[in-house]
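Work through the exercises below with the sequence and the coordinates at hand, and try each task before reading its solution.

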Amino acid sequence: MKTSSSYTTIAYLFMAPALILMGIFTFWPVGFNTYLAFHDYALVDGTATWNNFAHFKYIAGEELFHSAIKNSLLFLLVVPVIQLAALVVAKLVNSKLPGMTFFRASYYIPVITAVSIAAVVWSNVYKYDGMLNMILSWVGQALHLLKAGEMVEIQWIGDPHIAIFSVMGFVFWKGIGYYMVLYLAGLQAIPAEVEEAAVLDGANAWQRFWKITVPMVKPTILLCTLLSTIAAIKAFQEVVVLTRGQSDTYTALFYVYAQAFQNYNFGRAAAAGLVITFFCMILAIIQFRFFGEKK
Amino acid sequence: MMKFKRSLAVAAALFAATTMSAMAAEKTKVEFWSNSLSPKFDSVMKDLTAKFNGSQSEIEAKWVDVDWDAFLPRLTASLAGGTAPDLVNLPKPWMDDLAQKKLILPITKQIAGFKSNYTEGALKDVTYEGDKQIYGLPWYQVTGVMFYNKELLTKAGVKEAPKSFGELLAVAKQVKEKTGVTGFAPKLNDGFAGWFLYDGLPVVKGGKAVFNSPAHVKLVEAFADAYKAGAIPKDAYKMGFEEQIAAFDGGKVAIFAEGAHALKRTKTDAPKIYAQTGVAPFPLAGGKTPFGGFLFLWSVPKTSKHVDAAVKLGQFLTSDDAQLAFAKASATFPSTNKALADPFFQAGAKSNDPIEKALATAADSIKVTSTLTISGLPDEAAMNKKLDEAVEAAITGQKPAKQALDEAVAYWNEKFSAKK
């Protein structure tokens, strides 16, 4: 006869391979990072000395870190937009029309495209003499908003007032397919009868979307919102490849990177990283309150 | 019996294999990292490595190439992990940073016996200002040469290449006015401090930031004027090496400055533009050096256990013959006096081929070239960012130059005083 404790043991045994890997590559680095955040770490001899919160005091008064945090929080604007868009797109490609697989695949292609390659393409879109301005110029001229030969010359990734939004546009394009697939899985779990019953009761498409689809994919919404919030706060790669942090697009993780690999100040980088984690956790708690199952 | 024989043979083979690897292990293994040279210069690097290994009985060098973008993160991580290589190929500004953080070793003593081989300018570059110690073995160097589109300049009524920086900006404006094409693409995306130094203007003096004097303001304003007139590209801040070449190749920019190697791209990608490319030395200003000078060198990381072997390898790589071989393969310049005097570099002085001409022009400029960089800042990442943002705001017309520089100077001095 099996006791419950032997079940537990077996359960842990099954989890062990994953736990060991996570321990080495996730928990240990997080722990060491926390340790570093409170110490002056000398790269030369690997010694760490307790410094009485000096790193936290420093970044608390650091203008650059403040603006980096501000930019990272600004990045959160992309979360509701990408969630709603991904849900709508998922709904659209969830139909049984022929050729749907093609659309599903096309929306997913940006997700699997290397960020560096995608960035090369997008910097040509965003350049002041790039594709986006060219299209806008055509449209403007066709509608006679612009004089013939006059070109739109917006610096999409060069103007500090709009550059960050352009980077968000890139993040949106890159990420929407990922969330679409998650929502698609959520949508397919909705039994067809519910929708059919609603149709019989005379509910229109708008009502069915808000009264049936949205409530029934709520767990997926929570998951996707969490993931995209964390991704937004962690925005870094997209910034490096598109703007190198210029034009007021310097994000919090860019600060961490610069402190570690340009200034070689690992302690300060760790402290900044910890502060960012703290922001992530607060946001996660709020989201669980909003979307989580009430018990 | 058969079985016994076979196992004996296996044992013997095993024994031989282990002793051979043990013998090989007796050699001191020295790993060295070059900086973004693969795959273009694989053959010359492999050749040099093989030559070195052939000449040594006790050292075995292993060549690894690391990409520019990955170089510092990878080096830093390996230093922290104690697995750093024995010799690394650094550009001068990185050497300063790493020397300041004591992550590379001074080799003043080791280099003493042969340092007179190198040019004076190169030796000055490998000496870290902070402690006057030598931290690297000078290797290849490049300098900026001016390339111009002859057809565009002629159309604009410009008869000869500009001879001063002021003239260069004036010509750029004239080209824009007469032809509609952007005149000059200055390199701005690596930071602006180098331009101050190019103009002979100090950035830091006596532990204080001093880049808001009237002369500094005037230089920034000159750039701002050119930007406003469209004489320099609207996206000048987005243009690196690749983008500048692409713009020149596409006939979108009339003048740019780079090393001769940049033209190799034009030759293959835009033969029509190449045929009408003119070459002239980059005009000197108050700093008495052309813009775009850059020295690469070999340094020994702090964690190296084979310092002498590493220096020996570095000495070989930077010897006259090895430098000459590399320079010829890469259209760059050696940093030893003897290699630089090689007739190869002056062969193109009278040539009509732009690359050959550029090489000869640069060979003259290289003698007065030094790397324009500042070092020893307490929070380099944040300070450079502040300076560059301030200048960008001024050049793109979002802020008056004086105000932008004043703000950046105040920020710098705050950092300097916080350090004390």
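**Exercise 1.** Is B:Ser36 buried, partly exposed or exposed? Settle this by counting C-beta neighbours, and then place the residue in its chain and examine its backbone.

*Solution.* The model is a predicted one, and the count is made on its coordinates. Step one is the count itself, which gives 14 other C-beta atoms within 10 Å of B:Ser36. Step two compares this with the cut-offs, under which 20 or more neighbours would make a residue buried and 12 or fewer would make it exposed; B:Ser36 is therefore partly exposed, because its 14 neighbours fall in between. Step three locates B:Ser36 in the loop between strand 1 and helix 2 of chain B. Step four turns to the backbone, where B:Ser36 has a positive phi of about 50° although it is not a glycine.

**Exercise 2.** Which two residues are joined by a cis peptide bond, and what is omega there?

*Solution.* The bond joins B:Ser38 and B:Pro39, with omega at about 5°. B:Pro39 lies in the loop that runs between strand 1 (28–35) and helix 2 (42–55) of chain B, and this loop also holds B:Ser36.

**Exercise 3.** Apply the procedure of the first exercise to B:Lys132: is it buried or exposed?

*Solution.* The count for B:Lys132 is 9 C-beta neighbours inside 10 Å, so the residue counts as exposed. B:Lys132 sits in the loop between strand 4 (127–128) and strand 5 (133–134) of chain B, and its phi is positive, at about 60°, although the residue is not a glycine.

**Exercise 4.** How many residues does the largest nonpolar core have, and where do they come from?

*Solution.* The core has 195 residues, and among those with the most contacts inside it are A:Tyr255 and B:Leu313. Its largest share, 12 residues, comes from helix 8 (residues 163–188) of chain A, while domain 1 (28–142 + 293–341) and domain 2 (145–290 + 371–419) of chain B each contribute at least three residues. Taking B:Leu313 as an example, and leaving aside residues up to four places away in sequence, its contacts include B:Val30, B:Phe32 and B:Leu87.

**Exercise 5.** How many residues does each chain bring to the contact, and which helix of chain B gives the most?

*Solution.* Chain B brings 18 residues and chain A brings 17. On the chain B side, helix 3 (68–81) and helix 18 (380–395) each supply at least two residues, with helix 3 giving the most, 5 residues. Sorted by character, that side of chain B has 8 nonpolar, 1 polar and 9 charged residues.

Definitions and conventions:
Residues numbered from 1 in each chain as written. Chains lettered and ligands numbered in written order. Predicted model: local features only at pLDDT ≥ 70, side-chain atom pairs only at ≥ 80, totals over all residues. Core = buried A, V, L, I, M, F, W, Y, C linked by C-beta atoms within 7 Å. Helix = DSSP H or I, 4+ residues; strand = E, 2+ residues; numbered from the N terminus. Domains from an automatic or database assignment. Contact = placed C-beta atoms within 7 Å. Nonpolar A, V, L, I, M, F, W, Y, C, P; charged D, E, K, R; others polar.
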